[in-house]
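Please look at the model below before reading on. My notes follow it as numbered points.

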Amino acid sequence: MIKTSLDYLRGGTCLFAIGLLLIIGDPIQRALFALLPLSGRHSLHLQASWFRLWANIMLQTIRIICGVRFRPLPSVSGDSGTLLLVNHQSILDIPYVAACLSENYPLFVTRRRYAKGIPLVSNMLRLYKFPLVDPARFSVSQLNALAETAANARYPVAIFPEGSRTRNGDIRRFRTAGVNAILSSRPWSVHLVIVDGLWKCATLTDFVKKISRIRPKSVIIGPFSFDPETDDPEPFMAGMREKMLSGLAQLRKESGA
């Protein structure tokens with residue numbers, strides 16, 4: 001009972017701290033980006049550094065308050081032409097994946113609803129020009145816009161091919177409309193980012209209750225080359241899902257889960 005109460009206290013404190021940090025960081029971010037043009041050729045580096053700084057602030061806040069250890073994290077190149085396929089367990093997947101990049105930041109395909117109402121985060125989605133989509137209303141124009149963004153991306157593109165968060169940690173059926181549009185836009189070096197453990201705190205209620213108990217694990221598999229001139233996206237994605245399933249099973253076997 002005492003341990004459970006302590007877990008709730010730490011989880012609630014952590015959630016409050018993250019919310020407060022986002023509120024404080026929002027006006028700082030707006031001021032920083034207003035001044036960014038003055039930095040000339042260093043602006044892209046500063047932009048990437050700011051994103052990665054916030055990814056680490058989120059993870060370190062959880063580590064300090066709740067004792068959750070996220071390291072050692074796997075590492076992947078932050079080059080243009082890199083496509084990250086990530087299994088989706090929690091909103092924490094985003095800072096977790098960002099912290100895995102050796103440089104730059106990932107352009108996450110993100111639900112449009114997150115572009116409003118969340119301090120710092122909503123503004124960040126617009127400033128960084130994240131591809132915003134409405135999975136329930138995928139249209140040809142939306143897929144064309146996604147493909148155009150992916151074709152011109154100077155940074156890695158990241159997408160959750162399941163489309164929404166899992167409820168039990170297992171990998172759901174892939175929704176391939178969005179990822180097929182991305183694959184068709186240019187040749188890719190595809191990496192599978194497999195995360196486990198974060199699904200236990202997918203909701204705010206579960207975050208408060210369970211964040212102190214999670215032990216996240218991850219592995220990156222790849223790269224796998226995809227060329228839209230010679231490869232078919234449907235069998236390619238079927239193969240990626242099989243590799244993601246086996247990678248998650250291996251991750252759990254090694255950790256004894």
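The points below cover one serine, the aromatic rings, two arginines and the cysteines.

1. Keep in mind that this is a predicted model. Every value here is computed from it, so read the distances as properties of the model.

2. Start with Ser218. This residue lies in strand 7, which spans residues 217-226. Is Ser218 buried or exposed? Ser218 is buried, because its relative accessible area is 16% and the cut-off for buried is under 20%.

3. Next, see what surrounds Ser218. Its side chain makes a polar contact of 3.0 Å with the side chain of Tyr96. Setting aside neighbours within four places in sequence, Ser218 is in contact with Pro74, Tyr96, Ile194, Val195 and Leu251. Tyr96 therefore appears both as a polar partner and in the contact list.

4. Now the aromatic rings. A pair of aromatic rings is described by the distance of the centres and the angle of the planes. The model has ten aromatic pairs. One of them joins Phe51 and Tyr128, with centres 5.5 Å apart and planes at 65°. That pair is edge-to-face, because planes over 60 degrees apart count that way.

5. Where do Phe51 and Tyr128 sit in the chain? Phe51 is in helix 2 (residues 43-66). Tyr128 is in the loop between helix 4 (121-127) and strand 4 (132-133). The two residues are 77 residues apart, so the pair links distant parts of the chain. Both rings belong to buried residues: Phe51 has a relative accessible area of 5%, and Tyr128 has 3%.

6. Phe51 and Tyr128 also belong to a cluster. Which residues form this aromatic cluster? They are Phe33, Phe51, Tyr105, Tyr128, Phe130 and Tyr155.

7. Two arginines deserve a look. The charged end of Arg186 sits over the ring of Trp188, 5.0 Å from the ring centre. Arg241 lies over the face of Phe174, at 5.9 Å from the ring centre.

8. Last, the cysteines. A disulfide is a covalent bond between the sulfur atoms of two cysteines. How many disulfides does the model have? The count is zero. Cys14 is in no disulfide, and its nearest cysteine sulfur, that of Cys66, is 4.0 Å away. The cut-off is 2.5 Å, so that pair does not qualify.

9. Why is Cys100 not bonded to Cys201? The closest cysteine sulfur to that of Cys100 is in Cys201, at 16 Å, which is too far for a bond. Cys100 counts as buried, at 3% relative accessibility. Cys14 counts as buried too, at 0%.

Terms used: Residues numbered from 1 in each chain as written. Predicted model: local features only at pLDDT ≥ 70, side-chain atom pairs only at ≥ 80, totals over all residues. Heavy atoms only, no water. Helix = DSSP H or I, 4+ residues; strand = E, 2+ residues; numbered from the N terminus. Buried < 20%, exposed > 50% of the residue type's maximum accessible area, 1.4 Å probe, protein only. Polar contact = N/O pair within 3.5 Å; in protein donor to acceptor, adjacent residues only side chain to side chain. Contact = heavy atoms within 4.5 Å. Phe/Tyr/Trp six-rings, centres within 6.5 Å; stacked < 30°, edge-to-face > 60°. Lys NZ or Arg CZ within 6 Å of the ring centre and 35° of its normal.
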